[in-house]
Amino acid sequence: MKKFGILTAAVISAFLLAACGSSAAGSAKTEGSAAAQSSYAGKTLIMGTNAEFPPYEYHEGDSIVGIDAEIAAAIAEELGAKLEISDMAFDAVLPAVQAGKIDFGAAGMTVTEDRLKNVDFSDSYATAVQAIIVPEDSVITGPEDLEGKLIGVQQGTTGDIYISDDLGDANTQRFPKGSDAVQALSAGKIDAVVIDSSTAKAFVESSSGLKILDTAYADEEYAICVKKGNTELLNGINSAIKKLKDSGRLDEIIAKYIKEQ
């Protein structure tokens, strides 16, 4: 899983550990880490996201929390930097990275050929599924039943790309936020919503009369985007992701927000 108008929603210290939305001041240098050698030590890295995509990023009070927020904070910690999160429309994240307004984007973003033309992507840090939400009494039972139906998507996301490519713009209803699409579905204005499965679960749990189909629409992997040619930051992010994977901390962060069913 977006738009523009950068609003700095939260400054999260790079010492953010597993506690959701918590922060602590202090130096991010740790003995034996890459922080001492990082050119980003003592600096502030700005992450762009769209905080309307739980559990990857969402508002909790005055803070932006979620999987991406914690992973980004852990990466900043590894680089000895502080993290600042800017909340913006999803489809503004890539342009902001390209223009150098933010250092990187982490917004439940899938690597696509079109996006690779404009930015560079890190190694994948999470596997996701595009799920289909329908009313409980819907005649739609799988992806094959979406033909000729009006499908809601969040503008600029891979759900938008998949549906508009597969079914055409006439069958695609775009919304600024995923929650707007779900509200339209509950109101009977559209026939289904295609969105990340974890986000779909969060929306369905807070809505009545909706369900998620057993058959997914597509599988995908999420990664972090940086300005094209910024190999120093890209290599630092990839190194940090590898350490998070090897230590098991990445799995712990994801498991904190996505419970096994």
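**Chat about the model**

Colleague: Where is T157 placed?

Modeller: T157 is in the loop between β10 (151-154) and α4 (158-167). Keep in mind that this is a predicted model.

Colleague: Sure. Is T157 buried or exposed?

Modeller: T157 counts as buried, because its relative accessibility is 5%, and the cut-off for buried is under 20%.

Colleague: And what does its side chain reach?

Modeller: The side chain of T157 gets to the backbone oxygen of Q154, at 2.7 Å.

Colleague: OK, confidence next. What does the chain average in pLDDT?

Modeller: The average is 87, and 85% of the residues score at least 70.

Colleague: Where does pLDDT stay under 50?

Modeller: Over residues 1-33. The model still has 116 contacts beyond four places in sequence for that stretch.

Colleague: Noted. Let's talk about α8: which of its residues are buried?

Modeller: Helix α8 covers residues 249-257, and its buried residues are L250, I253, I254 and Y257. Looking down the axis of α8, you find these buried residues within an arc of 95 degrees, so they line one face of the helix.

Colleague: Why would that spacing give a face?

Modeller: An α-helix has 3.6 residues a turn, so residues three or four places apart point the same way.

Colleague: What's on the face of α8 turned away from the buried side?

Modeller: That face carries D251 and E252, which are exposed.

Colleague: And what do the buried residues of α8 pack against?

Modeller: Three strands and two helices are on the list: β4 (57-60), β5 (63-65) and β9 (126-135), plus α1 (67-78) and α7 (231-247).

Colleague: Since you mention α1, what does I67 touch?

Modeller: I67 lies in helix α1. Not counting residues up to four places away in sequence, I67 touches P55, Y56, I253, I254, Y257 and I258. I253, I254 and Y257 are among the buried residues of α8.

Colleague: How far apart are I67 and Y257?

Modeller: They are 190 residues apart in sequence, but 6.8 Å apart in space, C-alpha to C-alpha.

Colleague: Is I67 itself buried or exposed?

Modeller: I67 is buried, with a relative accessibility of 0%.

Colleague: Then what about the largest nonpolar core, how many residues does it have?

Modeller: It has 52 residues, and the ones with the most contacts inside the core are I75, F104 and I133. Helix α1 gives the largest share of this core, 8 residues.

Colleague: Which residues is F104 in contact with?

Modeller: If you leave aside neighbours within four places in sequence, F104 is in contact with L45, I46, M47, G48, A72, L83, V97, I224, C225, V226 and I237. There is also a second, separate core of 15 residues, which includes F90, V97, A107 and M109.

Colleague: Switching to polar stuff. What does the side chain of Q130 make a polar contact with?

Modeller: With the side chain of E220, at 2.5 Å. Q130 is in strand β9, and at 2% relative accessibility Q130 counts as buried.

Colleague: What else is Q130 in contact with?

Modeller: Neighbours within four places aside, its contacts include T158, G159, Y162, V194, I195, D196 and Y222.

Colleague: How many salt bridges does the structure hold?

Modeller: There are 9. One of them pairs D120 with K228, and their closest N and O atoms are 3.0 Å apart. That pair links distant parts of the chain, with D120 in strand β8 (residues 119-121) and K228 in the loop between β15 (225-227) and α7, 108 residues apart.

Colleague: Is D120 buried or exposed?

Modeller: D120 is buried, with a relative accessible area of 18%, whereas K228 is partly exposed at 42%.

Colleague: Which residue does K242 bridge to?

Modeller: K242 forms a salt bridge with D246, the closest N and O atoms being 2.8 Å apart. The two are 4 residues apart in helix α7, so about one helical turn separates them. K242 is exposed at 53% relative accessibility, and D246 is exposed at 57%.

Colleague: Which residues do shared-partner salt bridges join into one network?

Modeller: D160, D169 and R174. Within it, R174 and D169 form a salt bridge with closest N and O atoms 2.8 Å apart. R174 is partly exposed at 32% relative accessibility, and D169 is exposed at 52%.

Methods. Residues numbered from 1 in each chain as written. Predicted model: local features only at pLDDT ≥ 70, side-chain atom pairs only at ≥ 80, totals over all residues. Heavy atoms only, no water. Buried < 20%, exposed > 50% of the residue type's maximum accessible area, 1.4 Å probe, protein only. Arc of directions from axis to C-beta. Contact = heavy atoms within 4.5 Å. Polar contact = N/O pair within 3.5 Å; in protein donor to acceptor, adjacent residues only side chain to side chain. Salt bridge = Lys/Arg side-chain N within 4 Å of Asp/Glu carboxyl O. pLDDT = per-residue confidence, 0-100. Core = buried A, V, L, I, M, F, W, Y, C linked by side-chain atoms within 4.5 Å.
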